[in-house]
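Me: I should like to learn how to read a ligand site and a salt bridge in a model. Could we work through one example together?

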Amino acid sequence: MKLLENKIAMITGASRGIGRSTALLFADNGADIIFTDFREDDNSKSLLEELKGKGVRAAFYAADASNHERTLEIAKEIEKEFGRLDILINNAGITRDNLLLRMSPADWDLVINCNLRSVYNYCKAFTPMMIKQRSGSIINISSIVGINGNAGQCNYSATKAGIIGFTRSLAKELGSRNVRVNAVAPGFIETPMTKQLGEQALNDWLKAIPMRRPGQPEDIARTSLYLASELSTYITGQVLRCDGGLSL
Ligand code: NAP
C-alpha cells in the first residue's frame, strides 16, 4: 500500500524547485496531484506530463496565489472535478531581498502578498471541503529565517514568521475537525530561488550547516510526505525544521 493511495493533493507554485519535487514524490506515493504556478510554461507542461506518466490524475492551474478571486474559482472547479481535497501544500513563495534602508514599499507588499496572503487564500478556500470531510492535512512552507531572522530579508522573514503564527492558530481552529495544520521550515535548499544568490553565498551557508551539504528539494518533499501521510496522524500545529542542523 502506497502512503498516499486515494489521496488528492494540491500544491501551489509547483512548476519547479521544492514544489515540483513534492508533486513527483507524492505521485510516486499514489496521490492525484493538482498544482498551480504563475503561468503555463515549459516547466508546468513538463511536470503535468511527468505526473500523468506516473499513472495518477493530474491538473494544472495558472494562477497567482495572492489573487483571492482566482483562488476561489480554482476551489470551485476542484470541488466539481475531484470532489474532495486531502492535502494542501502552501509552497508558492518569492524573495525580494534588500536591507530595510533600501527596501521599497512595493517589494514589501509583493513579498507579503505572494508568501502570506496566498496562505490565507488557499486555506480559506479549501478548508470548508476538509471540514466537511472531517479530514485533511495542510502543510505551509515556512523557513528557518522565519524563526531566526536574516539580514536583508525583513520582508521575507516576516512572511515566514507570519506563516508559523497562522499555522498554529489554524491548527487550534481545525483540530476538532480532524484537519491537521503544520509548517515545514527549510534551511538552505538548492533550487532556482537560492541559485540566484551565487557561489559565495552557498559557501558561506555551507560553513554554518553541521551536515556540510545544502539541502535538496527532495529532502523537503520527504518531510512534507511525512506530515501529509498517516505516519503523522497525531501531529498538528508543529514547525518541522529540515535544515541539516543549520538553525542549531
Ligand atoms: P523556486 O524555485 O523559486 O520555486 C517557487 C515557485 O513558486 C516558482 O515556480 C514560482 O513561479 C512560484 N510562485 C511564486 N510566487 C507565486 C505566486 N504568487 N503564485 C503562484 N506561483 C508562485 O523556490 P523554492 O526554493 O522551490 O521555494 C519553495 C518554497 O520554499 C517557497 O515558499 C520558499 O520561500 C520556501 N523556502 C525555500 C528555501 C530554499 O532554500 N530554497 C528555504 C526556505 C524556504 P515563477 O517561476 O514564475 O517565479
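The dialogue below treats the ligand site and then the salt bridges.

Reply: Please keep in mind that this is a predicted model.

Me: Which residues come nearest to the ligand?

Reply: A residue belongs to the surroundings of a ligand if one of its heavy atoms lies within 4 Å of it. Here there are 28 residues around the ligand, and those that come nearest are Arg16, Asp37, Asn91, Tyr156 and Thr191.

Me: Which side chains have an N or O atom 2.5 Å from an oxygen atom of the ligand?

Reply: A polar contact is a pair of N or O atoms within 3.5 Å. At 2.5 Å from a ligand oxygen there is a side-chain N or O atom of Tyr156, and likewise one of Thr191. For Arg39, the distance from a side-chain N or O atom to an oxygen of the ligand is 2.9 Å. On its own the ligand has 890 Å² of accessible area, of which the protein covers 94%.

Me: Where does the ligand sit, and which elements give two or more residues to its shell?

Reply: The ligand takes up the space of the largest pocket. Two or more shell residues come from each of α1 (17-28), α6 (154-174) and α7 (192-195). The largest share, 3 residues, is that of α7.

Me: How do the residues of the shell divide by character?

Reply: The shell around the ligand holds 14 nonpolar, 9 polar and 5 charged residues.

Me: How many salt bridges are counted, and how far apart are the closest N and O atoms of Glu230 and Lys7?

Reply: Side chains of opposite charge can pair when their charged atoms come close. With a cut-off of 4 Å, the count is 10 salt bridges. In the one between Glu230 and Lys7, the closest N and O atoms are 3.7 Å apart. This pair links distant parts of the chain, 223 residues apart. Glu230 lies in the loop between α9 (217-228) and β7 (239-242), whereas Lys7 is in the segment before β1 (8-11).

Key: Residues are numbered from 1 along each chain as its sequence is written. This is a predicted model: local features need pLDDT of at least 70, side-chain atom pairs count only at pLDDT 80 or more; totals for chains, interfaces and linings use all residues. Side-chain values use heavy atoms; hydrogens and water are left out. A polar contact is a pair of N or O atoms within 3.5 Å; within protein, one must be able to donate a hydrogen and the other to accept it, and residues adjacent in sequence count only if both atoms are side-chain atoms. Accessible areas come from the Shrake-Rupley method with a 1.4 Å probe; for residues, only the protein chains shown count as cover. On a 1 Å grid over the protein atoms alone, a cavity is a set of points where a 1.4 Å probe fits but cannot get out, and a pocket is an open set with protein on both sides within 12 Å along at least five of seven lines; lining residues have an atom within 4 Å of a point. A molecule sits in a cavity or pocket if more than half of its atoms lie within 2 Å of its grid points. Helices (H or I, at least four residues) and strands (E, at least two) are DSSP runs, numbered from the N terminus. Ala, Val, Leu, Ile, Met, Phe, Trp, Tyr, Cys and Pro count as nonpolar, Asp, Glu, Lys and Arg as charged, and the others, Gly among them, as polar. A salt bridge is a side-chain nitrogen of Lys or Arg within 4 Å of a carboxyl oxygen of Asp or Glu.
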